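Open the model in your viewer and keep the sequence panel beside it. Each stop below tells you what to select and what is there.

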Amino acid sequence: DPDVLYPVSFMAALDNDAIQADVLRSFLSNQKDEPKQGLQRQYTARLDDLLEGTEKPQPAPAGRRFSLYGDTAYDPSKVMQGTNRFVFYSANLGAVKSPSLKQLLLTRGEMPVADLLLKTSGWWIDVFAATNEEMRTLSQHYMFISFRSFNHDLHSTEYLDAVNFYIIVFKTGVLTFHFQPLPHPHNVRRRIHQLKDFIHVTPEWIIYALIDDITDSFAPLIQHTELEVDSIDDLVLVLSVSEQTDMIRRIGSCRKTVMQLLRLLGPKADVVRSLIKRFGDKTHFYDDTKDTRKSQHEVTLYLGDIQDHLLTMLQNVNHYDLVLGRAHRNYLGQISIELSQAGNTTNEMINRLTFFATIVVPLNLVAGLFGMNVNVPGQYNTDLVWFYWILLGMFVYVVAMVAFGKRAGMI
């Protein structure tokens, strides 16, 4: 499944507390000098530093894929020129943005960012559209998490399409990668900025905050789906066919949204369950401080709440699917009934017309017989007696047949 958790043994991770220093030095020495892009070099915890850039990156060409599951990714070579693809954040130091990994690592405040990665904890680097070399440099990890979000652009044709959000967990920090613009990193940095005086920011807490923000992003969509499902369920048996010409379209669109939600939410509960188990087992391998163990215990409880939230969402979405399926069947059943009623009405009209045609045929026969160019009874009478007797006979015949038709239920 795209939502996955790939941990290795915690004992093997003890020798790899953070990104390896020799890998960083090799990367910095082999990189060519890059033009400066007006980097933000001040360490500050102001809320302004948490805001995302407004640049519009260019999509990648169709021939190259930067994500295993076919995301509509962005070409790093084009994004690099106008977008701060790297954001280093620490609750104590603030945010540092840079268009490339080398410029980010060389950015100086109290100390270079490269030294902060090796000597401090609780840091977080968010990477947008990483190159292959940057991925190799930052790929020394002991736990990998893929937690899918979705395209949030309401005006895009790819709205609600799955977007993979990758998390690499170190003992002292977190790396995140994504290949489409997402609001979650900005939301979590703002949340940390608001709560940093009351919480102990650890890599586990950052993971929890990211997963919580991704999970919460589904809530408005599920609420909107619930309102639409209730509306469809209420109207499908009330409106006539002529008044609900767009009902099939509404049902189809809503079911498509429900299927996308089921596809996105399905594997997430298993990933959170695995994280709870890993964080619960982690205290047996690491000799952490009391505050760290307390924070990990709190994060485990928080993840349990997210798991309950995900299960509730899944139950609701499955219920919406059942309601829409029932509404669809009811709608098709109502259409079938109304078509049958229309067919019965048509058949009744045809039967009446057939009966009246049956009455008229003998009258035409009598009129035809008396209109032949041969000698007929009453032909040489100069009065109208024969004519009125013929009309009277026809009238009596019509009255008798109409009475018979009503008694027989034909008209």
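Start with a term: buried means under 20% relative accessible area, exposed means over 50%, and partly exposed lies in between, using a 1.4 Å probe and protein chains only. This is a predicted model, where local features need pLDDT of at least 70, side-chain atom pairs count only at pLDDT 80 or more, and totals for chains, interfaces and linings use all residues. Residues are numbered from 1 along each chain as its sequence is written, and side-chain values use heavy atoms, with hydrogens and water left out.

**Stop 1: aspartate 115.** Select helix H5, residues 113–119; aspartate 115 is in it. Helices (H or I, at least four residues) and strands (E, at least two) are DSSP runs, numbered from the N terminus. Aspartate 115 counts as partly exposed because its relative accessibility is 27%. Now add leucine 105, 10 residues away along the chain: the two C-alpha atoms are 8.2 Å apart.

**Stop 2: tryptophan 123.** Move to strand S4, residues 123–128, which holds tryptophan 123. Is tryptophan 123 buried or exposed? Its relative accessible area is 0%, so tryptophan 123 is buried. Show glycine 94 as well: its C-alpha atom is 9.8 Å from that of tryptophan 123, with the two positions 29 residues apart along the chain. Then pick the backbone oxygen of threonine 172, which lies 3.4 Å from a polar atom of the tryptophan 123 side chain.

**Stop 3: aromatic pairs.** The structure holds 8 aromatic pairs. One of them joins tryptophan 123 and phenylalanine 170; this pair is tilted, at 5.8 Å centre to centre and 45° between the planes. Rings of Phe, Tyr and Trp (its six-membered ring) pair if their centres lie within 6.5 Å; planes under 30 degrees apart are stacked, over 60 edge-to-face, and the rest tilted. The tryptophan 123 pair links distant parts of the chain, since phenylalanine 170 sits 47 residues away, in the loop between S8 and strand S9 (173–178). Phenylalanine 170 has 0% relative accessibility, so phenylalanine 170 counts as buried.

Next, select tryptophan 205 and tyrosine 208: an edge-to-face pair, 5.8 Å centre to centre with 75° between the planes. Both lie in helix H8 (residues 203–216), 3 residues apart, about one turn of the helix. Tryptophan 205 counts as buried at 4% relative accessibility, and tyrosine 208 does so at 8%.

**Stop 4: strand S5.** Select residues 143–146. Met143 and Ile145 point one way, Phe144 and Ser146 the other, and all are buried. In a regular strand the side chains alternate between the two faces of the sheet. Add strand S8 (residues 165–169): 4 bridges join it to S5, and the strands run antiparallel. Two strands pair if DSSP finds at least two bridges between them. Isoleucine 145 stands opposite isoleucine 167 in S8. Phe144 also belongs to an aromatic cluster with Tyr166 and Phe179.

**Stop 5: tryptophan 386.** Finish in helix H13, residues 385–408, where tryptophan 386 is found. Tryptophan 386 counts as partly exposed because its relative accessibility is 39%.

Conventions:
Polar contact = N/O pair within 3.5 Å; in protein donor to acceptor, adjacent residues only side chain to side chain.
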